[in-house]
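Ready for a few warm-up problems? Have a look at the model below, then work through the exercises at your own pace.

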Number of protein chains: 2
Amino acid sequence: MFEAAELGHEVDDESYERREAELREKLLAAQVELLQRKEFELVVVVDGLDFAGRSETVNKLHEWLDPRQIETRAFDEPTDVEREKPRMWRYWNALPPKGKLGIIFGGWYSDPLDGRFARELDEDAMDALLADAVKFERMLAHEGALVLKFWFHMPEHRQRKRLKKLEKDPLTRWRVSDVERDHLKHYGRYTRTAEHLIRETDSAEAPWSIVEGSDDNFRNLTVGEQLLTALRARLDAKKTPPTAETVELNTPIDGVEVLDKLDLTRTLDKKDYERDLLIWQGRLHEVLRSHHFKKRHALVAVFEGNDAAGKGGAIRRVTQALDARQYEIVPIAAPTDEERAHPYLWRFWRRLPRRGELTVFDRSWYGRVLVERVEEFTARQDWLRAYGEINDFEEQLSSHGVITVKFWLAVSQDEQLARFKERESTPWKNFKITDEDWRNREKWGAYAAAVNDMVERTSSDVAPWTLVEAEDKRYARVKVLRTLVEAVERRLE
Amino acid sequence: MFEAAELGHEVDDESYERREAELREKLLAAQVELLQRKEFELVVVVDGLDFAGRSETVNKLHEWLDPRQIETRAFDEPTDVEREKPRMWRYWNALPPKGKLGIIFGGWYSDPLDGRFARELDEDAMDALLADAVKFERMLAHEGALVLKFWFHMPEHRQRKRLKKLEKDPLTRWRVSDVERDHLKHYGRYTRTAEHLIRETDSAEAPWSIVEGSDDNFRNLTVGEQLLTALRARLDAKKTPPTAETVELNTPIDGVEVLDKLDLTRTLDKKDYERDLLIWQGRLHEVLRSHHFKKRHALVAVFEGNDAAGKGGAIRRVTQALDARQYEIVPIAAPTDEERAHPYLWRFWRRLPRRGELTVFDRSWYGRVLVERVEEFTARQDWLRAYGEINDFEEQLSSHGVITVKFWLAVSQDEQLARFKERESTPWKNFKITDEDWRNREKWGAYAAAVNDMVERTSSDVAPWTLVEAEDKRYARVKVLRTLVEAVERRLE
């Protein structure tokens, strides 16, 4: 794999200067266009052997381009907040907004590479992390980002020479640590690990490019010209292309959908309700205060449901049980302009709970496959791929100890109508009912189909859906509380 | 001071229920109006004696109001990222956006109170922190926030009884730790410290209210009704009032302003430039890599100047000297909608450098007293108070070890005209020149006066302005580099 990057490529200074002048002008023009159109972002991952010129080339890009529109991120040991969040959280945080160029040093490749080289990971564990990387990049590409990856290579004898030279000069000696010496000592094993990494994560959406690092001129020009070609091609393309594979949704042949199976006649009388509420609120309070939960877990509760199904009231019964310092409620409305400039899951990643805490999402990432699908705010291929992306997101939460519980609160059309009317006639409730609610009501069937698909495709072991019969508010509230308690208790066992 | 809160206030259950029902409805209506108008935010600070009912009352507010529109923050030991930033950084992060209610437990009062009680601070040190609190709250109020503060009090004998009761019950025993026992043991000293704190920080903009905590009914109703009264009054006020004291600006009687004194004929020939550039870039590289800088400091470089004065080119010469991983450039354009929903300095707080790093602001918080003043985007009393707020902000940076260096790049009107024309005629530069630039040019005098006032009022020991003669780009670039190097070296001495 690295043969072509060991040929001793060189570019003489004269040719370099000529090509650099032209490249620079074109790069700058492309960057200005990227910024002015703000249609997509450019994500460049740089990785490779030590001293193969990664940072020199990145510095050169900063020199050629307008550095004010570049966001460059390197990653040290995770901070304590980063450690509390799923592994990918800090990479989500590092994504540039549309219109900018983000340069990522190592990024999501550091853990698999370093971990495997240090033999902390076996090959399967490494491959699992690489599969995460592929999914993440595919998501980025489908969300419109242009993703490019550069691996800087260098033959062993040249690296040995460079290391010696750095060690001799007192001004550069600090750059060589035991880590680099160890990599060089096991050059064969290190490059084989890298080769495996590149093979597993090279994709049409986010291709790797291997660059020979020995000659500065050659290396910088190569990266600059490849970057220009890719960016130019994308800017000149008729429309932003990468469409996801189209999935066919299975409509049940008998027309029976999950919501049809709910028994909306279930009720709870007032006395039982008051007793049950206290019991389950008490247990929720207790389990969320347990040492084990506080140290290892966090809770995400997602509330979706028909308009006027009683989400607000149910959420209130949950938070009543808790101290205000332990939870946060995130009402999902239209995204802010910063949120709009990032992949759609970004706004949810930024609101994840800290360890030992609860975040309630009042509406959630499922808007993608509900309102955005029904109202056609999002193209078909984009909401279709959301199912997989959401499953992947929730799996990442789960494997980090975050317990995800999802509720769909269902009422009948008649009950909804009655509640709409009651809201309209109660002065301090009528802000809760808008023309939009009435319009949504007309699309009852389309929403039901969307819910059916959503439940079928995203109810998983790690984050199952709970359908809540919400015709009777008391019954619904107790079911919500009980489900939360049982989900947490099960996970703590 | 606490006499009125030791009278054994009580409200019987019957009156409570009647008043609660009415209060709740009115509170909810006011909250809805707050949210819909999004004109200001409500910041409520709660503090007080242990077990005097702070968290119970906050939980009650969550129950009465729509908890989805409340952001409640408590503060543990600072995280490692928080420790890297000035003390107030995490409180800035905790501010609610306009339209919401933010509840702050302790917040900026915890350090002075706990520190003084533990005798880690002497009285002067405590007072300095309290003065910071007053300034911060005044800024919030002037930016439009409604700030209310509640101190929960309880007489000693009642607190003693409550502590015993909590300790006896196995379900609540965990709430009593040595901290609370210690506070009670030194009840007199603790309340005297609190009394001092309240006296020093009670202000018209952010008044304290002392609430007797012994009786739940009395305590909750008191807080709820005071909150309603204040919120209602603000919502019903004709216009958002609190205007800052009006300062008279001193126009120099001889009409000579700071920019007039600049000698714009200074130049540097190419050979000297190339030599000096290398020297100062090398020194900048070196000093920012020094152990001492990396451990204790960070650098903020502010670039302001006439249009086409060469800010971009100067910034590029600075970053050329550095590794891309060590700096970030923040170009200041129109604020995002999240930024607009917060006090104007919020957007700059969120972009402060980490320890050992450099943040370059290409335009900055000085926009408030430059473009916003000249174009009348901001009311006179608001940009007038900005001078003090900015000085305060930069002092906070400085006392945390952040070195702030500020540049005004000045060119003559003739030179600007020549550069505008050159930009217009160079294809890959003409995106840099807009109608706005031409319009700004017509207001040359107004900008000069604004610069004069800005320099006079915000050039301080901790963050002096450097006026840069930028008629000759080479001279300007070297002066910028040299100033940066010398500022850092001076601080490291």
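Here are four exercises on this predicted model, each with a worked solution.

**Exercise 1.** Work out how chain A and chain B are related.

*Solution.* Start with the general idea: two copies of a chain are related by a rotation about an axis and a shift along it. Here, a turn of 180° with a shift of 0.0 Å along the axis lays chain A on chain B, and the RMSD is 0.0 Å. The two copies are therefore related as by a two-fold rotation axis. Next, check the interface: 100% of the interface residues of chain A are interface residues in chain B too, so the copies meet through the same surface.

Now zoom in on Asp337(B), which sits in helix 14 (residues 337–340) of chain B. Setting aside neighbours within four places in sequence, Asp337(B) touches Thr336(A) and Asp337(A). With a relative accessible area of 34%, Asp337(B) falls between the 20% and 50% cut-offs, so Asp337(B) is partly exposed.

**Exercise 2.** Classify the ring pair Trp349(A) and Phe393(A), and say which parts of the chain it links.

*Solution.* A pair of aromatic rings is described by the distance of the centres and the angle of the planes. Over all chains, the count of aromatic pairs comes to 38. For Trp349(A) and Phe393(A), the centres are 5.3 Å apart and the planes are at 50°, so call this pair tilted. The pair links distant parts of the chain, 44 residues apart: Trp349(A) belongs to helix 15 (residues 346–349) of chain A and Phe393(A) to helix 17 (residues 380–399) of chain A. As for exposure, Trp349(A) is buried at 2% relative accessible area, and Phe393(A) counts as buried at 2%.

**Exercise 3.** Do the same for Tyr91(B) and Trp108(B).

*Solution.* Their ring centres are 5.8 Å apart with planes at 75°, so this pair is edge-to-face. Tyr91(B) is in helix 4 (residues 89–93) of chain B, while Trp108(B) is in the loop between strand 3 (101–105) and helix 5 (110–117) of chain B, so the pair ties together parts 17 residues apart in sequence. Both Tyr91(B) and Trp108(B) are buried.

**Exercise 4.** How many cavities of 30 Å³ or more are there, and what lines the largest?

*Solution.* Searching the whole structure turns up five. The largest has a volume of about 50 Å³. Its lining includes Glu84(A), Lys85(A), Arg296(A), His297(A), Arg354(A) and Val402(A). Sort the lining by class and you get four nonpolar, three polar and five charged residues.

Notes. Residues are numbered from 1 along each chain as its sequence is written. Chains are lettered from A and ligands numbered from 1 in the order in which they are written. This is a predicted model: local features need pLDDT of at least 70, side-chain atom pairs count only at pLDDT 80 or more; totals for chains, interfaces and linings use all residues. Side-chain values use heavy atoms; hydrogens and water are left out. On a 1 Å grid over the protein atoms alone, a cavity is a set of points where a 1.4 Å probe fits but cannot get out, and a pocket is an open set with protein on both sides within 12 Å along at least five of seven lines; lining residues have an atom within 4 Å of a point. Grid points are joined across faces, edges and corners, and a volume is the space filled by probe spheres set on the points. Ala, Val, Leu, Ile, Met, Phe, Trp, Tyr, Cys and Pro count as nonpolar, Asp, Glu, Lys and Arg as charged, and the others, Gly among them, as polar. Copies are superposed by least squares on the C-alpha atoms of residues with pLDDT of at least 70 in both. Contact means heavy atoms within 4.5 Å. Rings of Phe, Tyr and Trp (its six-membered ring) pair if their centres lie within 6.5 Å; planes under 30 degrees apart count as stacked, over 60 as edge-to-face and the rest as tilted. Helices (H or I, at least four residues) and strands (E, at least two) are DSSP runs, numbered from the N terminus. Buried means under 20% relative accessible area, exposed over 50%, partly exposed in between (1.4 Å probe, protein chains only).
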